[in-house]
Structures are given as structure tokens and as C-alpha cells.
Amino acid sequence: MRMTKTQEMLLTEKEIIRESRKIFDRWAIRILINEFENEVLMTAVMRLGKVERIIIVLNIVGDIPPKAIAYLLGTNVNSVYVQKRTALKKLRDYCLQEGF
């Protein structure tokens, strides 16, 4: 079956979510550069995965509630809480390792 030009131009929901995560990640990195003066902490956040980094920056730095973050990322709020908890553990472990 051949698709029309309009059908070819439409993005799937997964593609939209993937592209929005890229945009949110770039935004999160800019916030990190502007807000974080401590190099160890900034390095620790940059070592996180893309989604974990977005969640940490939006929730902790941007004070955006997990429900809104879940909506923006196209996931459920429980996933945001789990990924935030995992990211905070990674941050804590890295900072302890670096003597921060």
C-alpha cells in the first residue's frame, strides 16, 4: 500500500516523544551550565541517562512536578518517580566517590 504525502509527513507518537526528549535534554544541559557552579555535581548529572537528566533538572532545578514531567515525556508518573530515585542514587554514589 502506497502512502500519500500527508501520511508520510505525519510523525508517529513515538517519534514525537523521541524528538521532544532530545529538545528537553538540550534544555536541561543549558540549565545545568547556567545554574550549577560545582563541577563535580555538574559532571555527575551529565553522566546520567538522557531521561534521568531531564527528570532531575526539570524537577529539582525547574521545580516542575512529576505529573507534568510524565506528561511532557509521554510516560506515566510512577516511571518518573522510579527514574528520579534511581538518578538520585547514582548522583549520591558519584559524589561520594569523588569526595564531594
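# Exercises on a six-helix protein

Tyr94 touches Val40, Thr43, Ala44 and Arg47, with residues up to four places away in sequence left out of the count; contact here means heavy atoms within 4.5 Å. The model is predicted, so local features require pLDDT of at least 70 and side-chain atom pairs pLDDT 80 or more, whereas totals for chains, interfaces and linings use all residues. Residues are numbered from 1 along each chain as its sequence is written, and side-chain values use heavy atoms, without hydrogens or water.

## Exercise 1: Overall description

State how many helices and strands the protein has, and what share of its residues is buried.

*Solution.*
1. Helices are DSSP runs of H or I with at least four residues, strands are runs of E with at least two, and both are numbered from the N terminus. By this rule there are six helices and zero strands, giving the pattern α-α-α-α-α-α along the sequence.
2. A residue is buried under 20% relative accessible area, exposed over 50%, and partly exposed in between (1.4 Å probe, protein chains only). Of the 100 residues, 31% count as buried.
3. Among contacts with a separation of 6 or more, 65% join residues 24 or more positions apart.

## Exercise 2: The nonpolar cores

Determine which elements give two or more residues to the largest nonpolar core, and which one gives the largest share.

*Solution.*
1. A nonpolar core is a set of buried Ala, Val, Leu, Ile, Met, Phe, Trp, Tyr and Cys residues joined through side-chain atoms within 4.5 Å. The largest such core has twelve residues, including Ala28, Ile31, Leu48, Val57 and Tyr94.
2. The elements that give two or more residues to this core are H2 (13-35), H3 (39-46), H4 (50-61) and H6 (77-97).
3. The largest share, four residues, comes from H6.
4. Another core lies apart from this one; it has ten residues, among them Phe24, Ala70, Leu73 and Val80.

## Exercise 3: The two sides of H6

Explain why the buried residues of H6 lie on the same side of the helix.

*Solution.*
1. H6 has 21 residues and reaches 30 Å from first to last C-alpha, close to the 30 Å expected at 1.5 Å a residue; the expected span is 1.5 Å times one less than the number of residues.
2. Its buried residues are Ser79, Val80, Ala87, Leu91, Tyr94 and Cys95. They lie on the same side of H6 because they cover an arc of only 125 degrees around the axis, taken from the directions from the helix axis to the C-beta atoms.
3. An α-helix has 3.6 residues a turn, so residues three or four places apart point the same way.
4. The buried residues of H6 pack against H3, H4 and H5 (66-73), while Asn78, Arg85, Leu96 and Gln97 are exposed on the other side.

## Exercise 4: Asn59 and Asn78

Decide whether Asn59 is buried or exposed, do likewise for Asn78, and give a polar contact for Asn59.

*Solution.*
1. Asn59, in H4, is buried because its relative accessible area is 12%.
2. Polar contacts are pairs of N or O atoms within 3.5 Å; within protein, one must be able to donate a hydrogen and the other to accept it, and residues adjacent in sequence count only if both atoms are side-chain atoms. The Asn59 side chain reaches the backbone oxygen of Ile64 at 2.9 Å.
3. Asn78, in H6, counts as exposed because its relative accessibility is 55%.
4. At the start of H6, a side-chain oxygen of Asn76 comes within 3.1 Å of the backbone nitrogen of Asn78.
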